[in-house]
Every structure is written in structure tokens, then in C-alpha cells.
Amino acid sequence: MKGIDVYHGEGRNDHYPLKSIPQKAFDDSDFVIVKASEGTSYGYQDFFRETMTAAIKAGKLIGCYHYASGADPVREADCFLKVAKDYIGKAILCLDWEHYKNKAWGDKKWCSKFIDRVKNKTGVTCVLYTGLDGI
């Protein structure tokens, strides 16, 4: 399966939601995972919704993710769910756990608290989206 991970830095143009990802990469992908939130505030919800809409219209499997900043995991999960609420049950939910800009890096309990909050609020267990260094 081929997929792409998209965040607001990919930008947009008038006829295609992404300017730095080639149309071919989008067309050839089976799934699209879009950044929905980061920390407890994130100002790119319009980009998130537009990209999710484009992926759905293109017949892609979809996912959305929260980029952990290491603040309070319950507040971060609530921020994520506020943005992703329209896609619960339609998209895979993910926690993006990386070292960059993450004050809680190395605290595995942080991830558990975030994932537990999402599960308690939605009934869905989200995926922990990380590299080998995050395990």
C-alpha cells in the first residue's frame, strides 16, 4: 500500500490542495493521512478539512493525526478530537510521536494517557505513529 502524510507546510494552490507534493504522488497513493492538530492549539484546520475532502473525493483511504508537543496529554487529545470529530469512524486516528518540538519525548506514559483519552471519548484506539526511536 502506498500513502502520503500531509501537513500544512505542503501548502495549496487553486486547483489542488497540495503544492509541494506532486499530483502524481497523490493520485498514486492508496491512503492520505493529514495533520489535524498539534499541541493544544493549531491554526490550520481549514487546510486539514480541505485536504481530507480532496482525499475523500479522490477515493482514498483517510487518516488524521495529532502531532504531540508534550503538553498535558488529555488537553492535547481533546484538541485533536475537536478538530477530527467529523472524521471519527471514517478515518484512522493517529498520534504522531516524534522528538522534534516534543517536551515529553521519552515519557511513554504520555502516549498511553493520550491514547486512553481518545479511546474513552470515541471508543476508537488510535495508532501510535512513530519511528524506532519512539518505542
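Q: What makes the two faces of strand 1 in this predicted model stand apart?
A: In strand 1 (residues 3-6), I4 and V6 sit on a covered face, while G3 and D5 sit on an uncovered one. That fits a general pattern: in a regular strand, side chains alternate between the two faces of the sheet.

Q: How do you know that strand 1 and strand 2 pair?
A: Pairing takes at least two bridges, and strand 1 has 4 bridges with strand 2 (residues 31-38), running in the parallel sense, so the two count as paired. One of the partners is I33 in strand 2, which bridges to D5.

Q: Why is the contact between D28 and K24 called a salt bridge?
A: The cut-off is 4 Å between a side-chain nitrogen of Lys or Arg and a carboxyl oxygen of Asp or Glu. For D28 and K24 the closest N and O atoms are 2.5 Å apart, so the pair qualifies. Both residues lie in helix 1 (residues 23-28), 4 residues apart, about one turn of the helix.

Q: Why is K24 called exposed?
A: Exposed means over 50% relative accessible area, and K24 has 57%, so K24 makes the cut.

Q: What makes K35 and E38 buried?
A: Buried means under 20%, and K35 has 7%, while E38 has 13%, so both labels hold. K35 and E38 also form a salt bridge, with the closest N and O atoms 2.4 Å apart.

Q: What makes K35, E38 and K101 one network?
A: K101 meets E38 in a salt bridge at 3.2 Å, N to O. Salt bridges that share partners join K35, E38 and K101.

Terms used:
Residues are numbered from 1 along each chain as its sequence is written. This is a predicted model: local features need pLDDT of at least 70, side-chain atom pairs count only at pLDDT 80 or more; totals for chains, interfaces and linings use all residues. Side-chain values use heavy atoms; hydrogens and water are left out. Buried means under 20% relative accessible area, exposed over 50%, partly exposed in between (1.4 Å probe, protein chains only).
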